[in-house]
Amino acid sequence: MDCDLLVIGAGLAGLVAATEAAGRGLRVIMLDQEGEQSLGGQAFWSLGGLFFIDSPEQRHMRIRDSLALARQDWMGSAGFDRPEDHWPRYWAEAYLDFANGEKRAWLHAMGMRWFPVVGWAERGGGLATGHGNSVPRFHVTWGTGPGVLAPFLRRAEALRTESAIAFRFRHRVDGLIVENGTVVGAHGAVLAPDHAARGGPTSREVVGDFRFRAGAILVSSGGIGGNQDLVRQSWPRSRLGEPPAFMVSGVPAHVDGRMLAIAQQAGGSVINGDRMWHYTEGLRNWDPIWPGHGIRILPGPSSLWLDAHGRRFPAPAMPGFDTLATLKAIRATGHDHSWFILTRAIIKKEFALSGSEQNPDLTGKDIPLLLKRLGKNPPGPVQAFMDKGADFVVRNTLDDLVAAMNGLTDAPLLDVERVRAEVEARDREIDNPFSKDAQVTAIHGARNYLGDKLMRTARPHRLLDPKAGPLIAVRLNILTRKTLGGLQTDLSGRVLELSGKPVPGLYAAGEVAGFGGGGLHGYNALEGTFLGGCLFSGRVAGRAVGA
């Protein structure tokens, strides 16, 4: 054997599994088709949000959370309804216990810290037993995604110095080696060195081949979000309609999903492949790093959301409430885009952009820069999109705004009088503290939470109030992101056959395993749970392999 554990994919889940296994004395080799500059995978680009239950940060913000409430939210969102949800249910229960228990203490002991204002993501907007977070649970890591990676990178480097972990970059796995029904290794191509920037396109030129044998193989290669053909092939047409003709990509092109088919060929079962998590508030990046690079707006609750024809979406298709319900509503229009209409007063307080590179204050742990978010102007990255982004329009009057919005589409779909009727109807509801409008009620409700009132929700005002202007319109695109299904695994991270029996020698962790079990989120995610799923499933597999 070349090693005790061969890890395929050097993202967060792979790093956690590798360092846990090597810390127990196993010899580990990590393979990745990208170069060392991309070590850490997609976690690097994330905002670093983590889902905790009844945390000190929540209690400080006077948020009353509990395991029972979180379980209600999770199960209501997951909607488990298939026989193959057997293991995802077990993983969901185990993850909830982890998030309510030792998760925070484990990470805190490694030096991880969190922004004190807890975010309230994916609020649902339906019944108590339905989808959504009943309370704020989105804890942004101080240092964002790189801050989540840092302790595991430090640990991996120390173990590499001790020769307990070896990295083999630019090694693309093309197949798993199976002997007598047991997975004993992997083979593939050595790709030419390429020093492209992290996330950028890299060469696929083959300069050699390799074969490694190991006591166990762990697949942690991520999802399918960078492969739009595979996204469309897996798209749940019965639930979300036809897939969009145009999407922006929330992950680099090398997030291609190829290891799913390779693991299947070795006997592993892929379940819930039609469950996926794509965002509805995507922007074309004015300064792209990878092909089709998209950035997601993390909106507060006040923007007016219109379809491609200028009709307002009904609840729960409101900013920040129910991602997949909104995605379904958008696809029902027959168009790939929708619109936000808002004001400068709203954008400066309510718009955040997802990603470590779009939040230099949090990523760089720069408190003076962070305090500028409370100032009179939009954050620098948001202002840059307003000035340079292809999806932004800023005008002083509604007539001029709608004319410019029509200029961003192939055909002029918007009628100014229809848009005016929607805007004025919304403005009438804002004029007093009472309302039948679900979104206006939600705005008032958001401001009852101190964190939202301070940082994420503008003072209610009319969109046509000139004091709040100018008016802003944002063309929103569908943005590919996460795979919710994947390789079926038991609670030790062992990959299972369709029969339910483990495939000897084969483990999986992270997004390729649906973050645990082949889909611990079910149909919907509560946010802050993707990095956490990588941490948890990587830890479980790294502690179980070879035990």
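How much space lies in the largest pocket? In this predicted model, the largest pocket holds about 330 Å³ of space. Its lining comprises 18 residues, of which Ala 345, Lys 348, Ala 458, Arg 459 and His 461 are the closest to the pocket centre. Two elements, helix H11 (344–350) and helix H18 (450–455), each give two or more residues to this lining. The greatest contribution is that of H11, which supplies 4 residues. Classified by residue type, the lining of the largest pocket consists of 8 charged, 7 nonpolar and 3 polar residues.

Salt bridges were then examined. Side chains of opposite charge can pair when their charged atoms come close. A search of the whole structure identified 35 salt bridges, including the three pairs described below.

In one of these pairs, the side chains of Arg 27 and Asp 4 meet with an N to O distance of 3.5 Å. Arg 27 is located in the loop between helix H1 (12–23) and strand E2 (28–32), whereas Asp 4 belongs to strand E1 (residues 3–8); the salt bridge therefore ties together parts that are 23 residues apart in sequence. Arg 27 is partly exposed, its relative accessible area being 38%. Asp 4 is likewise partly exposed, with a value of 23%.

A salt bridge also joins the side chains of Arg 155 and Glu 20, at 3.4 Å from N to O. Because Arg 155 lies in helix H6 (residues 144–161) and Glu 20 in helix H1, this pair ties together parts separated by 135 residues in sequence. The partners fall into separate accessibility classes: Arg 155 counts as partly exposed at 30% relative accessibility, while Glu 20, with a relative accessible area of 7%, is buried, since the buried class covers values under 20%. Glu 20 and Arg 155 are further linked with Arg 543 in a network of salt bridges.

In the pair formed by Asp 437 and Arg 312, the closest N and O atoms are 2.7 Å apart. Distant parts of the chain are linked by this contact: Asp 437 is situated in the loop between helix H16 (416–430) and helix H17 (438–446), and Arg 312 in the loop between strand E13 (304–306) and helix H10 (323–332), with the two positions 125 residues apart in sequence. Asp 437 counts as buried, at 13% relative accessibility, whereas Arg 312, at 22%, counts as partly exposed.

Technical notes: Residues are numbered from 1 along each chain as its sequence is written. This is a predicted model: local features need pLDDT of at least 70, side-chain atom pairs count only at pLDDT 80 or more; totals for chains, interfaces and linings use all residues. Side-chain values use heavy atoms; hydrogens and water are left out. On a 1 Å grid over the protein atoms alone, a cavity is a set of points where a 1.4 Å probe fits but cannot get out, and a pocket is an open set with protein on both sides within 12 Å along at least five of seven lines; lining residues have an atom within 4 Å of a point. Grid points are joined across faces, edges and corners, and a volume is the space filled by probe spheres set on the points. Ala, Val, Leu, Ile, Met, Phe, Trp, Tyr, Cys and Pro count as nonpolar, Asp, Glu, Lys and Arg as charged, and the others, Gly among them, as polar. A salt bridge is a side-chain nitrogen of Lys or Arg within 4 Å of a carboxyl oxygen of Asp or Glu. Buried means under 20% relative accessible area, exposed over 50%, partly exposed in between (1.4 Å probe, protein chains only).
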